[in-house]
Structures are given as C-alpha cells and as structure tokens.
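Here's a quick briefing to read alongside the structure. Have a look at the model, then go through the points by topic.

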Amino acid sequence: MKQKLLPWLLGVGLLVLALAAPLLLQNQQYWLFIATQAYFWAMLAASWALLAGYAGQFSFGHIAFMAIAAYASGIVGRDLGWSPLSGIIFGVLLSGFVGLVIGWLCLRLRRTYLALFTIAFAEIFRLMVNAELDMTGGPMGLYMDPLLNTTSYIPYYYIMLALLLASLGFMYWLANSHFGLFFRSIREDEEAAAAMGVHVVRYKIMAFVVTSMIAGLAGAVDHHFIGFIAPTELIIGRMSLVIAMAVIGGIESLLGAALGAILIHFALEWLQEIPVPAGLMPNLIALAPTLEKFGLGVGDRGLVTNAWRMVGFGILLMLTLRFWRNGLIHPLIERMFRAEARKETVAKRMQAVQTQEQEEVES
Amino acid sequence: MIELDVRNVYKSFGGVQALNGVSFKIEGNQLVGLIGPNGAGKTTLTNVLSGILKPTSGEVWFNGERVDKLPPYQIARRGLGRTFQVTRAFRRMTVLENMLVPAMALHPASRKRDFYKKAMEILEFLTIEHMANEYARSLSGGQQKLLELGRLLMLDPDVIILDEPFAGVHPKLMEKIYEYIRIVHEQGKAFILISHDMESIFTLSERLLVLNFGELIADGDPQVVKHDPAVIEAYLGEEEEEEGPVAIPARPVAGPEENDA
Amino acid sequence: MDISGQYLVTLVLNGLLIGLIYALMALGLTLIFSVLGIVSFAHGEFYMLGGYVVYFALERFTNLSPIVAILLAGIIPFLVGIIFERLFLQPMARGEIERPGEYAILVTFGLSFFLQYLMAGIVGPFPKKADRFFDLPTFDLGWIKATASTLTIGGIPFSASRLTAGLIAMILIGAMILFIKRSWTGKALQAVSQDREAAAVTGINPLNMNTLAFGLGAMLAGLSGATLVDVFAWVPWVGVQASSKSFVIIVLGGMGSMPGALLGGLIIGIVESLGAGLFPDPGRALAYKDAFGLLIFAAVLLLKPTGLFGREL
C-alpha cells in the first residue's frame with residue numbers, strides 16, 4: 001500500500017508547488033515568465049506526444065499549427081478589431097481546420113513520407129509568413145494585443161498552468177478512452193486495425209485535429225501574452241526542440257513529455273549562464289578570450305553558454321533515443337505506478353468476472 | 001442465414017492476373033478449406049474479401065449486401081473477420097487491449113469494462129488469460145496466434161477467414177486451434193481455412209476450394225476434390241517446373257507429417 | 001508580360017547550373033537511402049558543414065588552393081558521417097533497435113539539431129561567405145567575353161562562382177558514377193542496395209557498406225556545400241533549405257534511384273529558376289523560390305510517391 005501512496009503524494013506535491021509558485025517567486029518575474037513559457041512548451045510537447053507517440057503520426061508540422069493560431073489571432077485583432085479572446089477561438093479553430101486538411105492529405109503517406117511531407121508543409125508556411133509582409137509583417141513580425149490589462153505575469157502564469165492542466169486532462173481522457181485504443185492500434189498496425197473494425201481514416205484525422213488545436217491554443221494564448229510573433233519561431237530548430245522534449249520526457253507518455261518540456265525549458269534557461277562561484281570568477285574572466293573563440297562567453301554571474309547548451313541537448317536527444325527509447329522521465333513514472341497496478345489488475349479482473357458470474361447465477 | 005457470395009471476381013496487378021473469375025457461395029456455417037499452390041491467389045482473394053483490395057471486376061456480396069467497394073473496417077464490422085499469415089497483434093498494447101479494440105470499434109458508445117468479461121472468457125479458453133495485462137510483444141509466437149484468434153471473436157463475425165493458422169505450430173497448440181475452430185463453428189460461424197497443412201484441411205473442412213493461377217479449379221467435397229486430376233496436377237505439376245513463383249508444398253498432399261516449431 | 005527568349009534561356013541555364021549541385025547532393029541522399037533504407041534528416045547539415053570547412057580552411061590558410069579546401073570539405077563530413085553511422089545507425093542495422101523506422105527519423109533529426117547548434121556555437125551569429133574561388137581570365141571575343149566575376153555568352157551572364165560550382169559538381173558526379181559502376185566497392189554498394197542478404201552471401205559485409213554509404217552520402221552533401229560557400233551567405237541553418245531540396249529531389253526522382261536524383265536535381269534547379277524569374281511579383285519571387293520545389297514535392301507525394309524512377313519505400 002505504501003508504494004502506491006508515493007507517486008500520488010509526489011503528484012499532489014508538484015501540483016501544490018505549481019499553484020503556489022507565484023507566491024514563492026514573488027519578486028522574480030523573470031522565473032515566472034520562464035514558467036509560463038515552460039507550460040507553453042509542455043502543451044506542445046504533450047500534444048505532439050499524443051500525435052506521434054500514441055497515434056504514430058510523426059508530423060513535423062506541429063510548430064506551424066502553433067503559429068497558425070497565433071498569427072490568425074493577431075491578424076484578426078489588428079485588421080478586424082477582434083478581441084484577443086475571439087481571436088484565440090478563431091485561431092484555434094483555424095489550426096484545427098488546417099490540421100484536418102493536413103491529416104487528410106497525409107492519410108496514405110507512410111511514416112517517412114509523412115515526416116517529409118509535414119516538413120515541407122512547415123517550410124512552405126514559414127516561407128509564406130516571411131513573404132506576405134502585408135498580412136503577417138514578414139520577418140519583422142506581428143504585434144499582438146495583450147490578453148489581459150496587467151503588467152504582472154501572475155495571471156498569465158495561472159492561465160497557462162490552467163490550460164496545460166486542462167489539455168493534459170483532456171488528452172488523458174482521450175488516451176484512456178476508446179480513442180486511445182484506436183490511436184494506438186493505428187500506430188501499431190493500420191491494416192490490422194482496419195481488419196478489426198477501426199475507422200482508421202476518422203481517427204487518424206482526429207488525432208491531427210485535436211493535437212493541432214491544442215498546439216494552436218498554446219500558441220495563440222502565449223503570444224497574446226508575449227505580444228509579438230515572428231517567423232523565427234517557425235524554424236525547424238523549434239520543432240526539433242519539441243521533439244527533443246517529448247522524446248526525453250517519454251514519447252508515449254503525455255505527462256512524461258509535459259514534465260520533460262518543463263524541465264528542459266528551465267534547464268535551458270538556467271544553462272544560459274552557468275553560475276560560477278565568486279571566487280572562481282577572476283579565473284573565468286581571464287579565460288574569456290579563449291572562451292570567446294569557441295563561442296562561449298563570460299557574464300556577470302558565470303559562463304555564458306550561447307548555443308552550446310543546445311548542443312548538449314542535441315547530444316542528450318541522440319543518446320536518449322539510442323539507450324532510453326521510452327524517455328528519461330516516463331520510466332520513472334512507470335516504475336512508481338505500474339508495478340503495483342499490473343499485478344493488481346489481473347487479479348482484479350478475474351475477480352470482476354467471477355463476481356459477475358456469481359450475480360448471474362443468483363439472479 | 002450467413003451468405004457470402006463471390007461473383008466472378010477478377011483482380012489484376014499491372015500485368016499479373018491474380019484472380020481469374022473466381023466464383024463461389026458460402027451459405028450457413030460451412031467450414032470451407034481453401035488450398036492451392038503458392039502464388040495461386042489465396043491471400044489475394046482474402047484481401048479482396050476483407051476489403052484491403054478492390055476487385056478489378058466482379059462483386060462480393062455478404063449477407064445480402066454488396067461489400068466489395070467498402071473499406072476494410074466496414075467489412076469487418078459487418079461480420080467478416082480475418083487473420084493474417086504473419087501474426088499482427090498490436091504489439092505495444094496489452095493482450096486485453098488487443099481484445100478490446102474490435103469490441104470498442106463495434107460499440108464505440110460502450111465502456112471498455114463492458115467487454116472485460118467476454119474478453120477474459122475468450123482468453124481463458126485460449127489459455128492466455130494470465131497474460132491479459134502483458135504487452136502482446138512479450139507473448140510467444142504461438143500465444144500471439146491464439147491472441148489473434150481471440151481478437152477475431154470480439155468482432156462477433158459470421159465468417160472467419162484464417163490465413164495459414166497452422167503454419168509453424170506445435171502439436172499442443174494445433175489441438176487448441178482445432179478446438180477453437182470446432183467450437184466456433186458449432187456456434188454457427190462459417191470458416192474459410194487457408195492452409196498448406198493438408199491433414200488439417202482434410203480433417204476439418206466440409207468443403208474444399210482449390211485455387212490455381214487465380215482460378216477456382218475445384219469446389220466440393222474434400223474427399224472427391226482430392227482425387228480431381230486437375231488438383232493433383234496443380235500440386236504435382238509444379239514440381240517439374242524449374243521456374244515460377246510457386247514452391248513445393250510444405251507438406252505432401254496426403255500423409256502424416258511432423259512439425260517441430 | 002513580354003519575356004525575352006534570352007531571359008528564359010538565362011533562367012534555364014542558370015537553373016541547370018544550380019541543378020547540378022542539387023543533383024550532387026541528392027545523389028548522396030539517395031545513396032544513403034538505397035543502402036541503409038533510411039532518409040537522413042541531417043543531410044543538409046553535412047552540406048552546411050562542408051561549406052564551413054572550405055570557408056575556414058581558406059581563411060586560415062590563405063594560400064590554400066580552393067581545390068584542396070573542397071577536398072577537405074569532402075573528407076570531414078565523410079568522417080563525421082562514418083562516426084555517427086557507427087555509433088547510432090549500426091545498432092539499427094544489427095536489429096538492436098526497436099521500431100527502427102521511427103528511430104532513424106528521430107536520430108538523424110537529432111543529429112541535425114546537434115550539428116546546427118554545434119556550428120552556431122563554433123561559428124557565431126554572423127553569416128560567412130568565402131571569396132570567389134577562381135577568377136576568370138579576362139577576355140573579349142565579341143559573342144563570348146569574361147571578366148573576373150562573370151562569363152557572358154551571347155549576352156547571357158553567368159557568375160564565375162556558379163560556373164565553378166557547376167563544373168566541380170559535374171566532375172564529382174561523374175567521378176561518383178564511375179566509382180559506383182566500375183569500382184569493386186561501388187559494385188558492392190550496388191549489390192547491397194539491391195539485396196542485402198544476397199550480397200552478404202557473396203562475402204560483402206553489409207554493415208560496412210552501410211557505414212561507407214552513409215559516409216559517402218555525407219561527403220557528397222559536404223562537397224555540394226563546399227562549391228556554394230562562395231555563392232551564398234553561410235549560416236548554421238543554411239542546411240535546412242538544402243535538406244528540403246534534397247528531399248524534394250529524391251522523392252521526385254524516386255527514392256534510391258541515382259538517375260532519378262540526377263534528373264530530379266536538374267528539374268528542380270530549372271523549376272526554381274523559372275519560378276523565381278517568371279513570378280509576377282519580383283518582391284515575393286525570391287521568398288517563394290523554394291516553395292515551387294516544395295509544391296512539386298507535395299504533389300508527387302500525394303499522386304505518385306514512387307517518383308520518376310523509384311521503388312517502394
């Protein structure tokens with residue numbers, strides 16, 4: 001019994017921490033901001049995990065869906081005077097619609113072709129955004145109305161947290177329902193799934209629509225918070241980041257992907273400037289010229305890593321794929337929950353069957 | 001009454017004529033064996049019946065409805081189930097989940113737990129109920145075969161096509177599969193058994209269809225068909241050929257055989 | 001719109017020139033696919049790497065012949081490719097990896113992520129561009145004349161850099177074709193690409209051929225980049241577009257087909273050139289240049305995924 005309590009305690013603890021964070025970080029608007037961004041990435045990573053890990057659709061267009069909603073919302077706000085809320089709803093629906101179209105186009109594409117096609121789609125979208133200056137502001141970006149009239153990050157923090165929890169909850173419900181069964185059967189073997197009566201077309205497209213809407217929701221809301229969006233957010237490196245987060249967290253685990261995204265985002269922020277003890281700072285400063293040759297730097301508090309922290313994650317991504325296919329975070333969650341659950345459930349099920357039989361005999 | 005009516009089905013791929021005017025009708029719970037040399041078109045026929053392939057011409061009617069143009073999942077839902085030559089269980093899903101997929105596909109509004117009882121009963125009959133919460137990939141080959149058979153039953157099919165159910169199967173497992181076929185048959189289901197295992201075919205089938213080069217060269221009582229010269233030639237004739245996509249049958253046409261799997 | 005014939009010819013010929021380099025790069029990608037059976041999502045990053053090698057070699061060793069620099073740009077990606085293949089792709093070929101198809105996509109994507117930021121770290125944020133490799137001799141024969149930077153034939157200008165690039169690409173393509181068709185190793189590669197098991201039975205080690213093919217593929221990408229670093233501005237993300245184009249070409253030409261890669265490369269080069277040159281809105285033309293290839297790509301994928309000469313994926 002004790003073993004089962006631990007993961008629940010941890011979970012509740014994390015939740016409490018998340019809810020209380022703004023109070024704890026009162027003066028650190030910066031970290032609050034990072035947290036809202038972490039939740040943004042978590043929504044992207046978790047929804048991508050649902051699409052790729054659960055339904056087996058390795059789409060590289062996820063960031064594009066995120067941006068479609070954001071740009072759409074920004075544009076209707078700017079040109080039609082729509083409120084951010086209306087814009088967000090519109091953007092999410094538009095992302096869903098494009099998701100439907102892409103899902104439909106991809107129906108007959110097998111895994112590698114699907115990856116290539118969605119990369120092409122993402123690239124075409126990026127090119128269009130860059131080219132259509134009048135509509136999108138081109139490389140210079142698009143300003144977006146703030147969602148709320150406040151300079152504090154706290155309300156936004158709670159909004160993003162709420163959206164993350166809501167979308168995780170929704171996706172969990174999906175995954176545990178027959179949708180999840182069908183998604184996974186499609187991932188495992190489409191033809192066999194069809195032979196078992198699964199409406200493969202409908203559920204494949206549904207996977208695209210649902211996940212693109214969640215990505216769109218994250219994108220539209222977050223960018224009404226930040227107030228600005230630019231095509232640099234559409235480069236393939238950002239898609240790689242989502243993938244890295246989902247893979248490292250656990251591609252077949254929504255919670256794993258979300259936690260992975262949050263941890264990685266915080267880590268990337270923290271790693272931007274690795275703090276060095278005050279005593280060693282003079283040594284570091286002395287090394288500055290050499291460090292600069294390698295693209296590193298010295299800041300006020302320590303070592304400035306620039307692009308190198310991403311290099312680290314690239315390596316981590318490749319190693320995780322090679323040695324820990326199920327991710328780094330997911331196995332931990334699994335170990336805590338499943339071991340007990342699995343032993344229990346067979347017995348439980350047999351029990352349920354026997355009880356039912358007894359009831360039938362008695363009636 | 002169950003009725004599967006195959007009307008003059010042709011199927012060609014590019015230059016290859018895989019099915020050449022195949023016609024037959026299954027009524028009621030017949031246990032039909034389908035045999036033929038390799039490359040004769042048995043799997044192609046199965047793919048056409050289950051909807052994976054569409055006939056180039058001809059029609060397939062099932063229980064009074066034309067089905068050859070329907071997508072596979074709709075044919076499955078109407079009660080035509082099939083297995084594949086290579087077992088295709090959903091590997092990264094549990095055995096129980098494998099069972100639930102067809103059940104939920106047929107009844108999406110239901111809850112998974114509504115089918116636990118039926119699933120566990122079938123699994124118990126197939127002696128793999130203890131693996132219910134294991135991932136299908138941890139099952140042995142034989143167990144996976146049984147899982148596929150169990151999974152089929154969750155579709156509540158009228159017609160079951162088994163594609164090489166005896167291939168590479170050890171005697172104990174063979175017994176179980178025979179039992180499955182007999183019991184399900186008694187419950188009123190029709191079977192189409194595709195196999196190179198002649199002993200099993202002749203033990204189980206009430207009726208024998210023989211396919212060769214996409215044509216149905218025999219259709220009738222197994223004991224009669226066995227002596228049909230066209231059938232004998234189809235099997236023996238190919239041994240004299242040097243080329244061609246056909247292979248020597250895995251087992252002799254009649255006689256005892258051993259199997260070590 | 002009045003398009004002069006000369007303008008069209010300029011576009012087509014320039015398209016052909018750049019198409020040759022696309023073809024060289026696509027050749028590498030299709031070689032990898034035909035032997036390993038995977039699409040390398042890091043192909044563009046080897047292209048990017050090759051360009052940087054040339055840039056830095058020429059910058060560090062000012063008297064270095066560009067030819068040597070270009071050779072170096074072939075060798076370094078080759079080595080990186082081999083190391084990566086041994087570490088991350090061999091296990092797949094040995095059957096040690098679950099869901100290899102998924103793995104191949106993700107791990108090569110990971111490599112591209114890694115290489116992009118590696119070079120960003122090493123090179124920094126500013127674009128690099130090498131100086132023109134070779135100056136043309138200046139002459140004027142009326143219908144054909146040349147300055148250091150430009151060759152003009154019949155009034156049609158060609159940039160010396162692009163001409164050099166095209167010429168080098170042609171030579172390399174020829175060398176590659178000779179290698180594949182005539183050398184023992186080349187034939188071994190062909191054998192493995194057609195039937196691994198049969199090749200293995202004849203004493204060819206398919207695992208080694210995998211490594212070689214990946215290395216060669218990376219090398220060809222690197223060489224393509226090397227020829228163009230004096231044409232385009234080089235940033236760590238320059239490979240993304242190159243990757244995209246390579247994907248388009250091998251899908252158009254047929255995955256695993258070398259003639260397909262060559263023809264596809266030329267076609268895409270011409271289509272892009274014509275598309276950009278004839279686009280009614282010159283302001284947008286450049287931005288949409290890559291879109292033409294991508295649209296062809298989408299069309300091929302949806303209508304005839306096997307492309308012009310290809311076999312099933």
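α9(C) and α10(C) are oblique to each other, because their axes cross at roughly 120° and angles count as oblique when they fall outside under 35 degrees (roughly parallel), over 145 (roughly antiparallel) and 65 to 115 (roughly perpendicular). This is a predicted model: local features need pLDDT of at least 70, side-chain atom pairs count only at pLDDT 80 or more, and totals for chains, interfaces and linings use all residues. Residues are numbered from 1 along each chain as its sequence is written, while chains are lettered from A and ligands numbered from 1 in the order in which they are written.

**The helix pair in chain C**
- The axes of α9(C) and α10(C), residues 258-278, come within 8 Å; they are lines fitted to C-alpha atoms over the stretch in contact, with angles from 0 to 180 degrees between N-to-C directions.
- Helices here are DSSP runs (H or I, at least four residues), and strands are runs of E, at least two.
- On the α9(C) side, the contact includes K245(C), V248(C) and I249(C), and α10(C) brings residues including G260(C) and A261(C); contact means C-beta atoms, placed from the backbone, within 7 Å.

**Where chain C meets chain A**
- 38 residues of chain C are in contact with 38 residues of chain A.
- α4(C) gives the most to chain C's side, with 17 residues.

**A small topic in chain A: the sheet**
- Three strands form an open antiparallel sheet in the order β3-β5-β4; strands pair if DSSP finds at least two bridges between them.
- G297(A) stands opposite V304(A) in β5(A).

Conventions: Two residues are in contact if their C-beta atoms, placed from the backbone, lie within 7 Å.
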